[in-house]
Amino acid sequence: MHTAILIIQCKDNKGIVAAVSRFLFENNGNILAIDQYIDEEIGDFFMRAEWELDTFGIAKDQIHEQFGSQVAAVFDMNYTLSFNFPKPKMALFVSKLSHCLFDILSRYYSGQFQVDIPLVISNHPDLEPVVKAFGIPFYHLPVTKANKVSQEAEQIRLLQAHGVDFVVLARYMQILSPVFISHFPNSIINIHHSFLPAFVGAKPYHAAYKRGVKIIGATAHYVTEELDAGPIIEQDVARVRHHNTVDELVQIGQDVEKVVLSRAIKYHLAQKIKVVGNRTIIFS
């Protein structure tokens, strides 16, 4: 089923829902999902509507203009119009840890993710056999302080050549430069353990074990220039007890990481995320 997705933001006012619904109804739009939210602090109204496109009375390339003149102009709306086709293209960046990669590829293979994966990029060769087993091109681009600029330029070239829409850092252990991030605003998803910033460094689970933590978790967020401080998409936690070993903490933590990352990818693919400043609104 081909669908259109409209996300709007404007000052809260009477009649907004009625106006949007009327526009869709009068043009034979069968609404599949609609969700709205009012941010009382800033006084803004947010809405996401998705409807069937095949029977819609306005041509696909004219919807944006007609909605703008008939509805958006009346309420001074900021709005985006998108579609659920063609499938978006997602690139994966990995290093050595495999749990998130395996989870994403298995969901992709089983059809849970309606997405194309044209390539995987890594700064290590370790996971190449895994990626190639799924028939996906693998690019090994080692990154050092000396070659970081040139390697990032090559990464950007590859992503653009493959028409990539968004990037997922599936435990990619490199910090992206502002130049790289600027090419994909709100389109780079990262996953990290929720110990940050309390337990930073290469072995956060070891540090957490020494502190006797009772909850561990993970956070998926969009990447911004401020390290690990971008708009949060999804989070979850798991309880642990004093008898859990470090290895068990690592396993529990990795299980949470891959599930949280998967949910974030699903929200992004379904176009259910609205970034407002450094926050996100996740529509149902």
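Helix α1 (residues 16–26) lies across β1, β2 and β3 and runs at about 20 degrees to β3, where axes are lines fitted to C-alpha atoms, for helices over the stretch in contact, and angles run from 0 to 180 degrees between N-to-C directions. Helices (H or I, at least four residues) and strands (E, at least two) are DSSP runs, numbered from the N terminus. Helix α2 also packs on the sheet, touching β1, β3 and β4, and its direction makes about 155 degrees with that of β4. The model is a predicted one, in which local features need pLDDT of at least 70 and side-chain atom pairs count only at pLDDT 80 or more, whereas totals for chains, interfaces and linings use all residues. Residues are numbered from 1 along each chain as its sequence is written, and side-chain values use heavy atoms, with hydrogens and water left out.

## The sheet

The four strands form an open sheet in the order β2-β3-β1-β4, with antiparallel pairing; two strands are taken to pair if DSSP finds at least two bridges between them. At the edges stand β2 and β4 (78–83), each of which pairs on one side only. Direction ignored, neighbouring strands of this sheet are turned by 10 degrees against each other on average. Strands of a sheet pair through backbone hydrogen bonds, either parallel or antiparallel. The pairings are listed below.

| Strand pair | Bridges | One opposed residue pair |
|---|---|---|
| β2 and β3, antiparallel | eight bridges | Gln36 and Met47 |
| β1 and β3, antiparallel | nine bridges | Thr3 and Glu52 |
| β1 and β4, antiparallel | six bridges | Gln9 and Asn78 |

Eight of the nine residues of β1 are buried, so this strand is largely enclosed by the rest of the structure; buried means under 20% relative accessible area, exposed over 50%, and partly exposed in between, with a 1.4 Å probe and protein chains only.

## The two helices on the sheet

In α1, the buried residues are Ile16, Ala19, Val20, Phe23 and Leu24. They cover an arc of only 130 degrees around the axis, which puts them on the same side of α1, the arc being that of the directions from the helix axis to the C-beta atoms. The face turned away from this buried side carries the exposed residues Phe25 and Glu26. The cover over the buried residues of α1 includes β1 (3–11), β2 (31–39), β3 (44–52) and α2 (63–75), contact meaning heavy atoms within 4.5 Å.

In α2, Ile63, Phe67, Gly68, Val71, Ala72 and Phe75 are buried, and the buried residues of this helix pack against β1, α1, β3 and β4. At 1.5 Å a residue, the 13 residues of α2 should span 18 Å, and its end C-alpha atoms are 17 Å apart, which agrees; the expected span is 1.5 Å times one less than the number of residues. The helix nevertheless has a kink of about 45 degrees centred on Ser69, the bend at a residue being the angle between axes fitted to the seven residues ending there and the seven starting there.

## Backbone features

Most residues other than glycine have a negative phi, and most peptide bonds are trans. Asn28, in the loop between α1 and β2, has a positive phi near 60 degrees. Just after α2, Asp76 takes a positive phi of about 55 degrees. A cis peptide bond, with omega about -10 degrees, joins Phe85 and Pro86, and Pro86 is placed in the loop between β4 and β5 (90–94). Asn186, found in the loop between α6 (178–182) and β9 (188–193), has a positive phi of about 55 degrees although it is not a glycine, and is partly exposed, with a relative accessible area of 36%.

## Helix α8

Asn186 is also among the residues touched by His268, together with Phe166, Ser187, Ile189, Tyr222 and Ile273, not counting residues up to four places away in sequence. His268 is found in helix α8 and counts as buried at 17% relative accessibility. Val246 lies in this helix too (residues 246–269), and its relative accessibility of 16% makes it count as buried. Leaving aside neighbours within four places in sequence, Val246 is in contact with His206 and Tyr209. The C-alpha atoms of Val246 and Ala207, which are 39 residues apart along the chain, are separated by 9.3 Å.
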